[in-house]
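Q: I would like a close look at one part of this protein, the pair of neighbouring cysteines and what surrounds them. Please take it slowly and connect it to the rest of the chain.

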Amino acid sequence: PSVDPVIRSTVSIMFVQNVDEIIYESCCSEQMKEGVQSTRFQRVRGTLSSTSSDKVMHVYGLFVHLPVLATVAFTIVYLVRNLPNMDCFPEPLSGLGGYM
């Protein structure tokens, strides 16, 4: 195993993590940077609403919908990687002039 792919992957990941900060530093004026730094955000604790319907939807999304989506995605990736090589675009039949 070579070290070169590991270094390339590390540099790529660091670039993706820092690209927003690079763009911010290079494109924003000092006045805008001062405005961003002086902005204070209010943190909301707990849920945004306390109705039982919202709580049920939150639990459904977290414990039912999200795992189903993840399972479907992993299944598709598994099947695509492990199915035999299927030719989706076969060569046209020569006797029919390339149509069919």
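A: What follows begins with the whole chain, moves to the cysteines and a lysine beside them, and ends with the helices further along.

The model is a predicted one, and its protein chain contains 3 helices and 0 strands, so that the order of elements from the N terminus reads α-α-α. Of the 100 residues in the protein chain, buried residues make up 1%. The chain exposes about 10,000 Å², and carbon and sulfur atoms supply 65% of that area.

Turning to the cysteines, the structure holds 0 disulfides. C27 is in no disulfide, and the cysteine sulfur nearest to it, that of C28, is 6.7 Å away; C28 is likewise in no disulfide, with the sulfur of C27 as its nearest at 6.7 Å. Because a disulfide is taken here as a pair of cysteine sulfur atoms within 2.5 Å, a separation of 6.7 Å does not qualify C27 and C28 as such a pair. As for their surroundings, C27 has a relative accessible area of 61% and is therefore exposed, whereas C28, at 22% relative accessibility, counts as partly exposed.

C28 also appears among the contacts of K33, a residue found in helix α2, which covers residues 30-38. Leaving aside neighbours within four places in sequence, K33 is in contact with Y24, E25 and C28. K33 has a relative accessible area of 10% and so is classed as buried, the cut-off for that class being under 20%.

Helix α1 covers residues 4-27, and it has 24 residues that reach 32 Å from the first C-alpha to the last, close to the 34 Å expected at 1.5 Å a residue. Along its course, α1 bends by about 50 degrees at N18. In the segment before α1 lies S2, which is partly exposed, with a relative accessible area of 47%. A polar atom of the side chain of S2 lies 3.2 Å from the backbone nitrogen of D4.

Helix α3, finally, takes in residues 52-82, and its 31 residues reach 44 Å from the first C-alpha to the last, which is close to the 45 Å expected at 1.5 Å a residue. This helix, α3, has a kink of about 40 degrees that is centred on G61.

Definitions and conventions. Residues numbered from 1 in each chain as written. Predicted model: local features only at pLDDT ≥ 70, side-chain atom pairs only at ≥ 80, totals over all residues. Heavy atoms only, no water. Helix = DSSP H or I, 4+ residues; strand = E, 2+ residues; numbered from the N terminus. Buried < 20%, exposed > 50% of the residue type's maximum accessible area, 1.4 Å probe, protein only. Polar contact = N/O pair within 3.5 Å; in protein donor to acceptor, adjacent residues only side chain to side chain. Expected span 1.5 Å × (residues − 1). Bend = angle between axes of the 7 residues up to and from the residue. Contact = heavy atoms within 4.5 Å. Areas by Shrake-Rupley, 256 points an atom, 1.4 Å probe, with all protein chains shown as cover.
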